[in-house]
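Visitor: I'm new here and I like to know the reasons behind the words. Could you show me the structure and let me quiz you?

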2 protein chains.
Amino acid sequence: MPEPMYWRIAQDLRQAIESGRLRPGEQLPTELDLRTEYAASRNTIRDAIKWLASRALVETRPGQGTFVVDRLDIFVTTLSADTETGLGGGEGIAALAEVKANGREPSSATPRVEIQPAAGNNAEWLDVETGTLILSRHQPRYIDGKPWSLQTSFYPMDLVSKGAQRLLVAEDIPEGTVNYLHDILGMEQIGYSDNILVRPPNEDEAKFFKLPDDGRISVVVINRTAYSGVPEAPEPFRVTVSVFPADRNQFVMNSGFVPNKLTKPVMVSAAEKSG
Amino acid sequence: MPEPMYWRIAQDLRQAIESGRLRPGEQLPTELDLRTEYAASRNTIRDAIKWLASRALVETRPGQGTFVVDRLDIFVTTLSADTETGLGGGEGIAALAEVKANGREPSSATPRVEIQPAAGNNAEWLDVETGTLILSRHQPRYIDGKPWSLQTSFYPMDLVSKGAQRLLVAEDIPEGTVNYLHDILGMEQIGYSDNILVRPPNEDEAKFFKLPDDGRISVVVINRTAYSGVPEAPEPFRVTVSVFPADRNQFVMNSGFVPNKLTKPVMVSAAEKSG
DNA sequence: GCAAATTTGTTCGTATGTATT
DNA sequence: CAATACATACGAACAAATTTG
């Protein structure tokens, strides 16, 4: 008996799920049933279920039972710039257009606007001294009414003093801030740099995205620094931090010439081989 | 008593970690010590520790104890094409150069070459019928001797019959296959499309990357389809699947004009706010 | 190299609480 | 309200891994 019992039970159930014997959405036998089926104690059964739950293969619902996870509706965001509009992927109109092109309905909540001292990453990316006041606009975004991403943009205050007053207003800027800043200040976004990382969600994020509060589903964080000015000396004028739940989002980056087709999500089978 | 005891204990320990009272690498009190400290049973203490472990705040080592996780050495991979070589980010020489530019030593194991029927994603991306034989080259890659990524490339067999014999040989192609195919067949890589997703590791991956076998650390999968031919009708000639552990890798994508500086990893503080 | 001590891992049993139907 | 199902919490024993003497 090299492997612990809870592990062998978990493998058996996993096999049942991956083979399709237990279908997505289907309920597993109750802990008590499994207890007799495998001749193990309830705690051991629970350990096996935890093994499956931590891998997002099943989910438990108090008072109801344990269920095979339903495959989520994956959404794909294009991060590279739109070849036609030149707009950055995932930004303003480009993002909305992509959502709509997939036959889904985007919406966003009223932004929360704050003025705060720059700190850490933001100060560095915006190339300002720590403590310099900057403007932040925080906005939850939805697809088909379901939480999709949490987005916070940071701007130097001098954009406001130069005339971009609408940045201060807690109202959506439907045409996108890139377009707005271009119209009002003549600023051109000449490029941007995305940093992509994965980490466990914090409490706010878990709550907003309705992620299980055990941290097993990570979030993908995209830190975008946008530049204006001249190509020889790009100057940062905006930092946008977007947070997406990792279990229902994929990202696409195109470079050079690629076929112009709608990007479908990649099917990820649990049995996938890489070794 | 609204919150369960294990949760309150976990929060207390989390606070100790985030405040710096417990430093990275430091050992937590043993389960027995915590048992008396919090006047709880050992199982309850273990539930609290599991809460922390599932969020990658601590790690347990059998026979030793529980330790605050040491911050990992984050490596940043640039996915966008090198503006000078035009080579795809993360590919062959470009990848090696990036690693070396960071003062680190890249290496890779001997590739495993196989001929197999195309299936699923690969068949679709390479635009061949399911079951068509394709060539796969699988290669583990290391940085400073530590496992960094698992990479598998798929090629249509006709590249071999047209003369790219070295693809069949289980030997590294140091100049990169893009350069090799260009030299031997005159093929030009005119673009590529990356699909990025996050999922739990499979068993092979967990073993290779030495990830905890409870699935709490995900892997980032980058599916790159590379195209050749003419811009009006790009044709796929290679699919590369790269798998990276999510806890020590970040990715950068540049678009347009951005400052030409070495990309540093983003510091991700556990106390990060987004809401 | 071995034995003892320490520490976490696994497994059982039991009781009570909370959410849902 | 009652039944069902998962969640939390206690206690206990032995196994396995590691360090220490």
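Visitor: How do you know how much area chain A and chain B bury between them?
Guide: This is a predicted model, and the value is computed from its atoms. Buried area is the accessible area that two parts lose on being put together, summed over both. For chain A and chain B that comes to about 5,100 Å², with 51% of it on carbon and sulfur atoms.

Visitor: How many residues of chain A and chain B are in contact?
Guide: 59 residues of chain A touch 59 residues of chain B. To count, heavy atoms have to be within 4.5 Å.

Visitor: What makes B:Glu124 and A:Lys264 a salt bridge?
Guide: The rule asks for a side-chain nitrogen of Lys or Arg within 4 Å of a carboxyl oxygen of Asp or Glu. Here the N to O distance is 3.0 Å, so the pair passes that 4 Å cut-off. Between chain A and chain B the count is 3 salt bridges. There are also 14 residue pairs in polar contact across this interface.

Visitor: Which element gives the largest share of the side of chain A that touches chain B?
Guide: That's β8(A), with 9 residues. Several elements of chain A supply at least two residues each, among them α1 (5-18), β8 (191-199) and β11 (249-256). By type, the residues on this side divide into 26 nonpolar, 17 polar and 16 charged.

Visitor: Why are β8(A) and β11 of chain B said to pair?
Guide: Two strands pair if at least two bridges are found between them. β8(A) and strand β11 (residues 249-256) of chain B have 6 bridges, in the antiparallel sense, so they meet that minimum of two. One bridge puts A:Asp194 opposite B:Met253 in β11(B).

Visitor: What else does A:Asp194 do?
Guide: The side chain of A:Asp194 meets that of A:Arg224 in a salt bridge, 2.6 Å from N to O. This pair links distant parts of the chain, with A:Asp194 in strand β8 and A:Arg224 in strand β9 of chain A, 30 residues apart. Both A:Asp194 and A:Arg224 are buried.

Visitor: Why is A:Met253 called buried?
Guide: Buried means under 20% relative accessible area. A:Met253 has 2%, so the word fits. This residue lies in strand β11 of chain A. Setting aside residues up to four places away in sequence, A:Met253 touches A:Ser80 as well as residues of chain B, including B:Tyr192, B:Asp194 and B:Met253.

Visitor: Is A:Asp144 buried, exposed or partly exposed, and how do you know?
Guide: A:Asp144 is at 40% relative accessibility. Exposed takes over 50% and buried takes under 20%, so A:Asp144 counts as partly exposed. A:Arg104 has 14%, so that residue is buried.

Visitor: What links A:Asp144 to A:Arg104?
Guide: A salt bridge, with the closest N and O atoms 3.4 Å apart. A:Asp144 lies in the loop between β6 (133-143) and β7, and A:Arg104 in the loop between α4 (92-101) and β4 (106-108), so the bridge ties together parts of chain A that are 40 residues apart in sequence.

Visitor: How many salt bridges does the structure hold over all chains?
Guide: 25. One of them joins B:Glu205 to B:Arg199, with N and O 3.0 Å apart, and both of those residues are buried. In chain A, A:Glu31, A:Arg42 and A:Arg46 are linked in a network of salt bridges.

Visitor: Why is B:Thr225 called buried?
Guide: The cut-off is under 20%, and B:Thr225 sits at 6%, so it counts as buried. B:Thr225 is in strand β9 (residues 219-230) of chain B. Beyond its neighbours within four places in sequence, its contacts include B:Trp125, B:Tyr192 and B:Arg238.

Visitor: What do β1(B) and β2(B) form?
Guide: A hairpin, with 3 residues between the strands. B:Gly63 in the turn has a positive phi of about 85 degrees. The two strands pair in the antiparallel sense over 4 bridges, and B:Val58 has B:Val68 as its bridge partner in β2(B).

Key. Residues are numbered from 1 along each chain as its sequence is written. Chains are lettered from A and ligands numbered from 1 in the order in which they are written. This is a predicted model: local features need pLDDT of at least 70, side-chain atom pairs count only at pLDDT 80 or more; totals for chains, interfaces and linings use all residues. Side-chain values use heavy atoms; hydrogens and water are left out. Buried area is the accessible area (1.4 Å probe) that two parts lose on being put together, summed over both. A polar contact is a pair of N or O atoms within 3.5 Å; within protein, one must be able to donate a hydrogen and the other to accept it, and residues adjacent in sequence count only if both atoms are side-chain atoms. Ala, Val, Leu, Ile, Met, Phe, Trp, Tyr, Cys and Pro count as nonpolar, Asp, Glu, Lys and Arg as charged, and the others, Gly among them, as polar. Buried means under 20% relative accessible area, exposed over 50%, partly exposed in between (1.4 Å probe, protein chains only).
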